[in-house]
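Before reading any single contact in a structure, it helps to ask how far each part of the chain can be trusted. The paragraphs below begin with that question and then move to a helix, a disulfide and the salt bridges.

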Amino acid sequence: MKIKQGAAALLVSLALTTLSGCSMTGTDDSDSLPSAGVSTTDEAADMAEAISSELYDLIGLKGKATEPGPGVGECGGKDPEKYFTVFHAWTFTPASADGLDGVMERFKEELPKHGWKIVEYGPDTSKNKNLALTADNDAKKYSVMITHWARQTPPKVRFFLTSGCYQVPEGEKVERF
C-alpha cells in the first residue's frame, strides 16, 4: 500500500513540476500553483472527473477509457491538512488501431475553442518521441498533459489532468484518496 501511495505521490510531484511552470500559475511566483478556490476534496474530484469527461468528448472516437478515479495530492509548502490538488490520470484506447491518426492535431485545434491555452506541443523526451501537448485552462485552474503513444500496441492516448491548489472549507480537513 505504501509503495502505491509513494508512486502516486511521485507521479503527482513530477506532473505538478512540469505543469506548474505553465501559464496556469496565476501568481508572481512561477513555482507556486494558482489558487483553485475553496472546495471539499469530493467536490474537487467531481470537477476533475467532469473536465476529464469533456476531454473524452473531444476525442470524438469510439473506444475505451481506463476508469481510475481522481487522486488528491499536496500543494508544495502549504499545510497538507488544509490545502490540496486533485489529479486524474487515464488512458484512452480507440476501437481501431488507426483511429488515433491526427488526434493530437485535433486537440491542438479544438482545446483553445473550449478555454484551453496550448503551452507546449511536440515530441516528448522518451525514446519513442511520443507527441505530447500541455494545455492550461486558467478559468478552471487546471492543466492537462496529453501524450499520444503511437508506437504502443494498440496505440493509446494518455491524459494527466491536475488542478491548482484548493483550500478546504473552514473546519474541514483534506481527505486523501
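Among the elements of this protein, strand β6, residues 131-137, has the highest mean pLDDT, at 97, whereas helix α1, residues 2-19, has the lowest, at 40. The model is a predicted one, and over the protein the pLDDT averages 84, with 82% of the residues scoring at least 70. The N-terminal stretch calls for caution, since pLDDT stays under 50 over residues 1-30. For these residues the model nevertheless has 47 contacts beyond four places in sequence, and those contacts are best read with that score in mind.

Helix α2 can be taken next. It has 19 residues and reaches 27 Å from its first C-alpha to its last, which is close to the 27 Å expected at 1.5 Å a residue. The buried residues in α2 are T41, A44, A45, A48, I51, S52, L55, L58 and I59. Seen down the axis of α2, these buried residues fall within an arc of 125°, and they therefore line one face of the helix. The spacing behind such a pattern is a general one: an α-helix has 3.6 residues a turn, so residues three or four places apart point the same way. What lies over this face of α2? The cover of its buried residues includes the strands β3 (71-73), β4 (83-94), β7, β8 (156-163) and β9 (165-167), together with helix α3 (103-110). Just after α2 comes G60, which takes a positive phi of about 70°.

Two of the strands that help to cover α2, β3 and β9, also serve to locate the disulfide. The structure has one disulfide, and it joins C75 to C165 with an S to S distance of 2.1 Å. Because C75 lies in the loop between β3 and β4 while C165 lies in strand β9, the pair ties together parts that are 90 residues apart in sequence. The torsion about the S-S bond of C75 and C165 is about 120°, so the disulfide is right-handed. Are its two cysteines buried or exposed? C75 is buried, with a relative accessible area of 3%, and C165, at 4% relative accessibility, counts as buried too.

The salt bridges, of which the structure holds three, return the reader to α2. K140 forms a salt bridge with E54, and the closest N and O atoms of the two are 2.7 Å apart. This pair links distant parts of the chain, with K140 in the loop between β6 and β7 (142-149) and E54 in helix α2, 86 residues apart. Both ends are partly exposed: K140 has a relative accessible area of 25%, and E54 has one of 37%.

The other bridges involve K113. The side chain of K113 meets that of E109 in a salt bridge at 3.7 Å, N to O, and K113 also forms a salt bridge with E110, at 3.2 Å, N to O. E109, E110 and K113 are thus linked in a network of salt bridges. Within this network K113 counts as exposed, at 56% relative accessibility, whereas E110 counts as partly exposed, at 24%.

Methods: Residues numbered from 1 in each chain as written. Predicted model: local features only at pLDDT ≥ 70, side-chain atom pairs only at ≥ 80, totals over all residues. Heavy atoms only, no water. pLDDT = per-residue confidence, 0-100. Helix = DSSP H or I, 4+ residues; strand = E, 2+ residues; numbered from the N terminus. Contact = heavy atoms within 4.5 Å. Salt bridge = Lys/Arg side-chain N within 4 Å of Asp/Glu carboxyl O. Buried < 20%, exposed > 50% of the residue type's maximum accessible area, 1.4 Å probe, protein only. Expected span 1.5 Å × (residues − 1). Arc of directions from axis to C-beta. Disulfide = S-S within 2.5 Å.
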